[in-house]
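Q: I'm new to reading protein models and would love a close look at one part of this one. Could you walk me through it step by step?

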Amino acid sequence: MLDDRQFLLIPTSSNSSNTVQVFPDGRQRDLVLPDGLTLLYEQHLNVCSNEDCTAVLIGDAWQAEPSKESPEHIIRGFSSDTTIEKVYHEEKTWCGRYVLIVNNWLFLDFCGTLGVFYAEGPRLSSSYRIMCEHLGVETVYPDTLGDGLMNYVPGPLTPSADVRRLMPSEIINIKTGERRTRPLNPDAVRKATNDKERIDALKKYFICSLQNMAEHFSGSVFWLALTGGIDSRTLMALLECSGLDYKAFTCWHEHISEADVILPRKLASAVQIPYKFVERCQENYSAGRDEEYRRHTGGLADDGDKPMYVYGQYQELDSNHQVVLLRSAIWGCPRNYYKKKFSRKEISEMEKRFDATKVYPKAKRHELFRLSLQKWSELVESDVVNQDISIWNRLMIEEREGAWLSSIEQGFDLMDGITSVECCNSRLFFSILLGFSEKDLLTKKHEMKIVKQLCPILDKYRYQYNWTLKKRIKNFIHEIIM
């Protein structure tokens, strides 16, 4: 449903005559906050607060630390005396997709997957298009996405000069509009004597997170988005340890590999869980859904998940229950992934003076993309708080996840009865994963170690990268045909 699970935060004076109607047909709810602010939100968006509304949790969050209370319980204990540092301390063990407001300061989840756009006033919204409409300015859609350029609009700029995206390393005062830098990873690297101990720690906290997630979405059916790759298999190994009841699925798409067709079914059979391969039928295409998705995301999301909605593939999973999709897009945050694009000399030069357009050279051909990456680089250069995080990982967290993934996750809000969960979206998991060697992280060998230690049966199936030469050639021919 268009604008499902979105919000707009405005000065209360703007709403004094009850003329601000953002969500139609009785779907609008409101919460009056202190200091003359009002939160307007769509009825399906989860919102909870403490008694005096000095602390508000928007979205879905759960605890990954077994010894700690739930986020809802914690924020009910917050007061007007709660400091920013206290928020950092408590929130670092949460997982989910959420926005937290405490004493007028707004905080994003680890990768900013519930994105926030802001404008003068200040005014804030989870929707770029809603923000533009509220301001009375044109919603400029980035129609050049994928047209030989980048497939997303990097932050902090947007196609509208009046609206900006809040980055994961920023917090913003909803009363004054002041922005400050926050620590992305308050705990730095979690210490462990060896990889086995590190994996045991990850297992402990991840299982706690998955079990609390299941309780948070009680009554839902959980579906693992399973491919022939490494990330989803790692999540599968952790799911097997958790005892959570789940199913697995794979959606056909234009660039699907043979591994994505063959391996998921074998992996599901190995652990004896239900599996579904969702074909794409041309007759199921809906121009209405295409336009609805574009409007809902403000055109900021135009990736593989869009056609899966437009062709009704996600809707085929289960029409009788609430569906929670378990996804694996955040495993790459500690890997220094972009580093592998460059030579040693180039890496040394980039780390002295970083130029994001060298990572995304196509951005140079688009003024908005180039300027936005320049603004982000300036933000990073002035940041003395997050110097322990490499610039490569910073780019992944803030741009690839905080801008690209955030808009994709917003697209799932549109889908009735479906909620997307990035199971690795926690500062706690990031701090643990950083402890693996840089070489293992870059090659994803650390994930293979996790699978082998936690669910050995899944390790018996070759990963696509170590297929035989004959198998690789066959897969290459298959991809060309597809």
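Q: Let's take helices H5 and H6: are they roughly parallel or roughly perpendicular to each other?

A: Happy to help! Please keep in mind that this is a predicted model. Two packed helices are described by the angle between their axes and the distance between the axes. Here, H5 covers residues 231–242 and H6 covers residues 258–271; their axes cross at roughly 15° and come within 12 Å. Angles under 35 degrees count as roughly parallel, so H5 and H6 are roughly parallel to each other. The crossing in which H5 passes H6 is right-handed.

Now for the side of H5 that meets H6. Arg 233, Met 236 and Glu 240 are the residues H5 brings to this contact, while H6 brings Leu 263, Leu 267, Ala 268 and Val 271. Sorted by class, that contact has five nonpolar residues and two charged ones, with no polar residue.

H5 also has another partner, helix H15, which spans residues 445–454. The axes of H5 and H15 lie 9 Å apart, and the two helices pack at an angle of about 30°. By the rule used above for angles under 35 degrees, H5 and H15 are therefore roughly parallel to each other as well. Their crossing, however, is left-handed, whereas H5 passes H6 in a right-handed one.

Which residues meet here? From H5 come Asp 231, Arg 233, Thr 234, Ala 237, Leu 238 and Cys 241, and from H15 come Glu 447, Ile 450, Val 451 and Leu 454. This contact divides into six nonpolar, one polar and three charged residues. Take a moment to find Arg 233 in your view: this residue of H5 takes part in the contact with H6, and Arg 233 is also listed in the contact with H15.

To place H5 in its setting, step back to the whole protein, which has 17 helices and 17 strands. Its C-alpha atoms fill a box of roughly 70 × 55 × 50 Å along the principal axes. A compact globule of 482 residues would have a radius of gyration near 23 Å, and the protein's value of 22 Å agrees with that.

Elsewhere you can find an open sheet of six strands, paired antiparallel in the order S2-S3-S1-S9-S8-S10. Its edge strands are S2 (28–33) and S10 (164–165), each pairing on one side only. Another helix to look for is H3 (residues 128–135), which lies across strands S1, S8 and S9 and runs at about 145° to S9.

Key:
Residues are numbered from 1 along each chain as its sequence is written. This is a predicted model: local features need pLDDT of at least 70, side-chain atom pairs count only at pLDDT 80 or more; totals for chains, interfaces and linings use all residues. Side-chain values use heavy atoms; hydrogens and water are left out. Axes are lines fitted to C-alpha atoms, for helices over the stretch in contact, and angles run from 0 to 180 degrees between N-to-C directions. Helices (H or I, at least four residues) and strands (E, at least two) are DSSP runs, numbered from the N terminus. Angles under 35 degrees count as roughly parallel, over 145 as roughly antiparallel, 65 to 115 as roughly perpendicular and the rest as oblique. A crossing is left-handed if the near helix is turned anticlockwise from the far one by less than a right angle, and right-handed if clockwise. Contact means heavy atoms within 4.5 Å. Ala, Val, Leu, Ile, Met, Phe, Trp, Tyr, Cys and Pro count as nonpolar, Asp, Glu, Lys and Arg as charged, and the others, Gly among them, as polar. Two strands pair if DSSP finds at least two bridges between them. The radius of gyration is taken over C-alpha atoms; the globule rule is 2.2 Å times the number of residues to the power 0.38.
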